Amino acid sequence: MADLPDKKRQGFDLQGLHLIDASAGTGKTYTITALVIRLLLEERLTIQKILVVTYTEAAATDLRVRIREMLTKARACFSGHGCTEKFLDQLHTTIGDHDQARRDLVCAL
């Protein structure tokens, strides 16, 4: 995985539309959560510009909670409190302006 370009290592190119369809327990929610964080930090989108659609209210609630948790972990990571996720550690390495990233994460929260 270390041989892949940064964008591919993170899973998806950020341009265009993507459908994530897989069986239970395969990491769909984690992948979507990671994409949201990447859109915020790499593309500098605001949280209001990101649309995530799922099938049920329960799934939407779970996704909302998980995105908020990852935003909180990312904010801690970019605030110098350590990166608890490998994915966030990789982003921390590739994002140049940590102060701006932290501000973007705070706004998203």
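This section describes salt bridges and the surroundings of helix H5 in a predicted model.

The structure contains 5 salt bridges. Three of these are described here, namely Arg 38 with Glu 42, Asp 104 with Arg 44, and Glu 85 with Lys 73.

In the pair formed by Arg 38 and Glu 42, the side chains meet with an N to O distance of 3.1 Å. Arg 38 has a relative accessibility of 0% and therefore counts as buried. Glu 42 has a relative accessible area of 22% and is partly exposed. Because buried residues are those under 20% relative accessible area, Glu 42 at 22% is not assigned to that class.

Asp 104 and Arg 44 form a salt bridge in which the closest N and O atoms are 2.6 Å apart. The two residues are 60 residues apart, and the pair links distant parts of the chain. Asp 104 belongs to helix H5 (residues 98-108), whereas Arg 44 is placed in the loop between helix H2 (28-41) and helix H3 (57-78). With a relative accessibility of 14%, Asp 104 is classed as buried. Arg 44 is partly exposed, its relative accessible area being 47%.

A salt bridge is also present between Glu 85 and Lys 73, with the closest N and O atoms 2.9 Å apart. Glu 85 is located in the loop between H3 and helix H4 (86-94), and Lys 73 is located in helix H3, so the salt bridge ties together parts that are 12 residues apart in sequence. The relative accessibility of Glu 85 is 18%, and this residue therefore counts as buried. Lys 73, with a relative accessible area of 36%, is partly exposed.

The buried residues of H5 are Ala 101, Asp 104, Leu 105 and Ala 108. Viewed down the helix axis, the buried residues of H5 fall within an arc of 100°, so they line one face of the helix. The elements that cover these buried residues include H2 and H3. Asp 104 is thus listed among the buried residues of H5 and is also the partner of Arg 44 in a salt bridge. The loop that holds Arg 44 lies between H2 and H3, and both of these helices are among the elements covering the buried residues of H5.

At the start of H5, a side-chain oxygen of Asp 97 comes to within 3.3 Å of the backbone nitrogen of Asp 99.

Conventions: Residues are numbered from 1 along each chain as its sequence is written. This is a predicted model: local features need pLDDT of at least 70, side-chain atom pairs count only at pLDDT 80 or more; totals for chains, interfaces and linings use all residues. Side-chain values use heavy atoms; hydrogens and water are left out. A salt bridge is a side-chain nitrogen of Lys or Arg within 4 Å of a carboxyl oxygen of Asp or Glu. Buried means under 20% relative accessible area, exposed over 50%, partly exposed in between (1.4 Å probe, protein chains only). Helices (H or I, at least four residues) and strands (E, at least two) are DSSP runs, numbered from the N terminus. The arc is that of the directions from the helix axis to the C-beta atoms. Contact means heavy atoms within 4.5 Å. A polar contact is a pair of N or O atoms within 3.5 Å; within protein, one must be able to donate a hydrogen and the other to accept it, and residues adjacent in sequence count only if both atoms are side-chain atoms.
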